[in-house]
Amino acid sequence: MTGLTQRRREPGEEPRPDDPDREPPYLDLDRLEARAREVLAPPVYDYYAGGAETESSVQEAPQAWRSWRLRPRVLRATQADLATTLLGTPVGTPIGIAPWAYQGMAHPDGELATRRAAARVGALMTVSTSATHSVEEVAAAAPDAPAWFQLYRQHSPEHTADLARRAGAAGYRALVLTVDLPVLGRRRRDLRNDFALPAGLRMANHPAPDDRPALSANASTSWTFDDIARFAEISDLPVVVKGVLRGDDAVACARAGASAIWVSTHGGRQVDLVVPSAHALPEVVDAVRGEVAPDGSDVEVYVDGGVRAGSDALVALALGARAVFLGRPTAWGLAVGGADGVAAVLTGLSEELAHAMTLCGVATPHDATPDLVVRAGWLPR
Ligand SMILES: Cc1cc2nc3c(=O)[nH]c(=O)nc-3n(C[C@H](O)[C@H](O)[C@H](O)COP(=O)(O)O)c2cc1C
Ligand SMILES: O=C(O)C(=O)c1ccccc1
């Protein structure tokens with residue numbers, strides 16, 4: 001409550017940081033990021049926010065969604081329903097959580113809080129290999145909610161295979177192989193800060209979790225198409241390939257046994273001047289049309305990178321994505337409000353998406369078809 005001693009705010013004046021009535025701005029993601037920046041140590045904020053080289057791809061990602069325009073359908077009396085399935089698993093919203101590392105730096109409960117938030121709102125969480133809680137601990141935080149496990153290739157093949165096996169045993173429903181990190185991108189902020197996992201946190205899925213590895217110390221070496229085929233064969237879990245930006249690669253992944261393709265630039269953290277997800281998505285969707293997953297269903301396509309509004313998500317669905325995933329917005333939510341913060345970000349964007357769908361006469365994610373979008377400038381696609 002506002003104390004009697006506190007002077008009234010002038011109209012339009014920002015609440016002061018110590019104002020206890022100050023509601024976190026969960027739907028204003030720029031302000032939420034600013035709030036997260038206040039609570040995070042500067043090298044941690046830089047690690048979460050930053051990207052490769054000049055960060056022009058980080059900047060461009062949200063703008064690229066806005067190079068599309070929606071063509072609303074009217075007179076449809078539409079009630080939007082966000083429910084869909086991802087690899088056969090029912091979810092309450094097509095907006096999920098992308099894998100992001102080291103969540104314990106944002107909040108003491110780290111991945112456990114994110115997992116509880118995802119379960120609460122019916123969103124799918126993808127858990128990173130580079131988590132500060134183990135595969136099993138994160139699964140146990142919300143055992144009945146669906147989640148996927150993102151796998152980085154480890155130095156030892158036995159360790160990689162063991163992580164995949166543990167993910168299956170712990171109830172994860174898919175393995176997400178991230179293929180855009182043959183080496184870690186050149187992130188100038190992290191190099192300048194000599195960034196490393198802060199003392200007291202551990203890479204819980206690594207053989208020597210109590211080390212304080214520099215970011216690259218335990219990072220992957222490259223996957224190959226053979227690895228995709230091998231994991232598709234040896235694992236009972238469907239394989240999702242994350243970090244694909246070309247139609248030819250997407251087809252090759254599908255033919256190697258992938259069940260889904262995840263279009264991503266890794267949040268602009270790997271290749272600077274990379275084609276934005278919002279522009280690569282249609283090519284990948286067109287290329288995999290007609291490709292069949294090992295279980296006989298159609299190969300699904302997902303996307304992440306710079307999705308910051310319900311309309312961005314609707315454009316992605318219209319361009320053929322079955323789901324969109326959020327990275328940094330959930331990091332800011334976790335830093336500012338823990339599980340409640342992550343849930344508020346997911347709920348806020350899902351509500352915006354439902355609203356945009358209703359306004360555009362789209363009843364379900366499935367009804368978001370390509371005729372719903374044109375490139376800005378009214379040029380034909
Ligand atoms: C701090 C941070 C850590 C990340 N760690 C991983 C990771 O461990 N594995 C992975 O596949 N992708 C990782 N990513 C990439 C995200 O999964 C995702 O592709 C990207 O953040 C989406 O873009 P957005 O942040 O603009 O929403 C990370 C991204 C960020 C911002
Ligand atoms: O920082 C990242 O983007 C990332 O994917 C990663 C890679 C290796 C270890 C930790 C995080």
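The buried residues of helix H1 pack against two other helices, H2 (42-49) and H12 (328-359). That's a handy way into this structure, which is a predicted model.

## Starting at helix H1

H1 covers residues 29-39, and its buried members are Leu-29, Leu-32, Arg-35 and Ala-36. Looking down the axis of H1, you'd find these buried residues within an arc of 110°, so they line one face of the helix. Here's the background: an α-helix has 3.6 residues a turn, so residues three or four places apart point the same way. On the face of H1 turned away from the buried side sit Asp-30 and Glu-38, both exposed.

## Around ligand 1

What comes nearest to ligand 1, out of the 24 residues around it? The answer is Ala-98, Ser-128, Thr-178, Gly-267 and Gly-327. As for elements, H2 and H12 are the ones that give two or more residues to this shell. Those are also the helices that the buried side of H1 packs against. Sorted by class, the shell around ligand 1 has 10 nonpolar, 10 polar and 4 charged residues.

## The annotated residues

UniProt, in an unreviewed entry, lists Tyr-47, Tyr-152, Arg-187, His-266 and Arg-269 under "binding site". For "active site", the unreviewed UniProt entry lists His-266.

Where does His-266 sit? Its place is in the loop that runs between strand E9 (260-263) and helix H10 (277-288). Arg-269 lies in the loop between E9 and H10 as well.

Is His-266 buried or exposed? It counts as buried because 23 other C-beta atoms lie within 10 Å, and the cut-off for that label is 20 or more. Arg-269 is buried too, again with 23 other C-beta atoms within 10 Å.

If you skip the neighbours within four places in sequence, His-266 is in contact with Asp-180, Leu-181 and Gly-243. With residues up to four places away left out, Arg-269 touches Gly-51, Ala-52, Gly-185 and Arg-187. Arg-187 is itself one of the "binding site" residues in the unreviewed UniProt entry.

## Further along, in H10

Helix H10 is where you'll find Val-285. Val-285 is buried, with 21 other C-beta atoms within 10 Å. Its contacts, leaving aside neighbours within four places in sequence, are Val-301, Leu-319 and Gly-320. For a sense of distance, Val-285 and Asp-81 are 204 residues apart along the chain, and their C-alpha atoms are separated by 23 Å.

Here are the three buried residues side by side:

| Residue | Place | Other C-beta atoms within 10 Å |
|---|---|---|
| His-266 | loop between E9 and H10 | 23 C-beta atoms |
| Arg-269 | loop between E9 and H10 | 23 C-beta atoms |
| Val-285 | helix H10 | 21 C-beta atoms |

## The nonpolar core

The largest nonpolar core has 121 residues, and the members touching the most others are Leu-175, Val-241, Ala-258, Ile-261, Val-263 and Val-284. Which helix gives the most to this core? It's H12, with 15 residues.

Take Val-241 as a close-up. Not counting residues up to four places away in sequence, Val-241 touches Leu-177, Val-179, Ile-228, Cys-253, Ala-258, Ile-261 and Trp-262.

Notes
Residues are numbered from 1 along each chain as its sequence is written. Chains are lettered from A and ligands numbered from 1 in the order in which they are written. This is a predicted model: local features need pLDDT of at least 70, side-chain atom pairs count only at pLDDT 80 or more; totals for chains, interfaces and linings use all residues. UniProt positions are given in the numbering used here, feature names are shortened, and annotations may be inferred rather than shown by experiment. Helices (H or I, at least four residues) and strands (E, at least two) are DSSP runs, numbered from the N terminus. A residue is buried if 20 or more other C-beta atoms lie within 10 Å of its own, exposed if 12 or fewer, and partly exposed in between; C-beta atoms are placed from the backbone. Two residues are in contact if their C-beta atoms, placed from the backbone, lie within 7 Å. The arc is that of the directions from the helix axis to the C-beta atoms. A residue is near a molecule or strand if its C-beta atom, placed from the backbone, lies within 6 Å of it. Ala, Val, Leu, Ile, Met, Phe, Trp, Tyr, Cys and Pro count as nonpolar, Asp, Glu, Lys and Arg as charged, and the others, Gly among them, as polar. A nonpolar core is a set of buried Ala, Val, Leu, Ile, Met, Phe, Trp, Tyr and Cys residues joined through C-beta atoms within 7 Å.
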